[in-house]
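User: Please take a close look at the helices of this model, at how they pack, and at one residue in a loop beside them.

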Amino acid sequence: MVGVRRRFALADTAQQVVGGFLLAGPFVVTEEVWVLARSMSFAQALLTLFIVLAVGYGALYKADDRDPDREREVGGIPVRFISLISVSYLSVFILALAFDAPGTFLSDVSGEVLVTVLGYELDLAVLRITLKATSVGAVFSVIGAATADSLF
């Protein structure tokens, strides 16, 4: 079994959150990220997903001495890795919504309104671009989250 120091715990997720939010912030409020997201195809967004997965896995298990086969798993995937990827994407998405980045950078975009909740409309076109911008930010957020997890 993994030593006590390497066993995944809630404190590891907290460290990932700190690192993920730290590097996500600047990319959420940068107009260029939103311009890129507008022009990205679905294939490019999917490519960023693979980049995030590869960087995250490499940072956790290749750049450090962790053994993924010795960690707790869910569906054959290490819980630490699931946490890292979740933190990487959610930190960018949460900051984007908290800072109203879609409302600021995508105010001229309109499409099919999926639902209206508490006076806010969920527009499909805005959601698509926001998810692409999230994928761009996650490329950098995963580096911060994995580094914070590995350092402490």
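Analyst: In this predicted model, helix α1 covers residues 10–28, and because each of its 19 residues is taken to advance 1.5 Å, a span of 27 Å is expected, which agrees with the 26 Å between its end C-alpha atoms. Buried within α1 are D12, T13, Q15, Q16, G19, G20, A24, G25 and V28, and these buried residues pack against α2 (31–39), α4 (79–98), α5 (101–105) and α6 (124–151).

Helix α4 also meets α3, residues 42–62, the two axes coming within 10 Å and crossing at roughly 130 degrees, so that α3 counts as oblique to α4. The crossing in which α3 passes α4 is right-handed. From α3, the residues T48, L49, V52, L53, G56, Y57, L60 and Y61 take part in the contact, and from α4 they are met by R80, F81, L84, I85 and Y89; by class, the residues of this contact are 10 nonpolar, two polar and one charged.

Helix α5, one of the partners of the buried residues of α1, is followed by a loop that leads to β3 (113–117) and holds L106. With a relative accessible area of 3%, L106 lies under the 20% cut-off and is therefore buried. Leaving aside residues up to four places away in sequence, L106 touches W34, R38, A101, V126, I129 and T130. The C-alpha atom of L106 is also 9.9 Å from that of L127, a residue 21 positions away along the chain.

How values were computed:
Residues are numbered from 1 along each chain as its sequence is written. This is a predicted model: local features need pLDDT of at least 70, side-chain atom pairs count only at pLDDT 80 or more; totals for chains, interfaces and linings use all residues. Side-chain values use heavy atoms; hydrogens and water are left out. Helices (H or I, at least four residues) and strands (E, at least two) are DSSP runs, numbered from the N terminus. The expected span of a helix is 1.5 Å times one less than its number of residues. Buried means under 20% relative accessible area, exposed over 50%, partly exposed in between (1.4 Å probe, protein chains only). Contact means heavy atoms within 4.5 Å. Axes are lines fitted to C-alpha atoms, for helices over the stretch in contact, and angles run from 0 to 180 degrees between N-to-C directions. Angles under 35 degrees count as roughly parallel, over 145 as roughly antiparallel, 65 to 115 as roughly perpendicular and the rest as oblique. A crossing is left-handed if the near helix is turned anticlockwise from the far one by less than a right angle, and right-handed if clockwise. Ala, Val, Leu, Ile, Met, Phe, Trp, Tyr, Cys and Pro count as nonpolar, Asp, Glu, Lys and Arg as charged, and the others, Gly among them, as polar.
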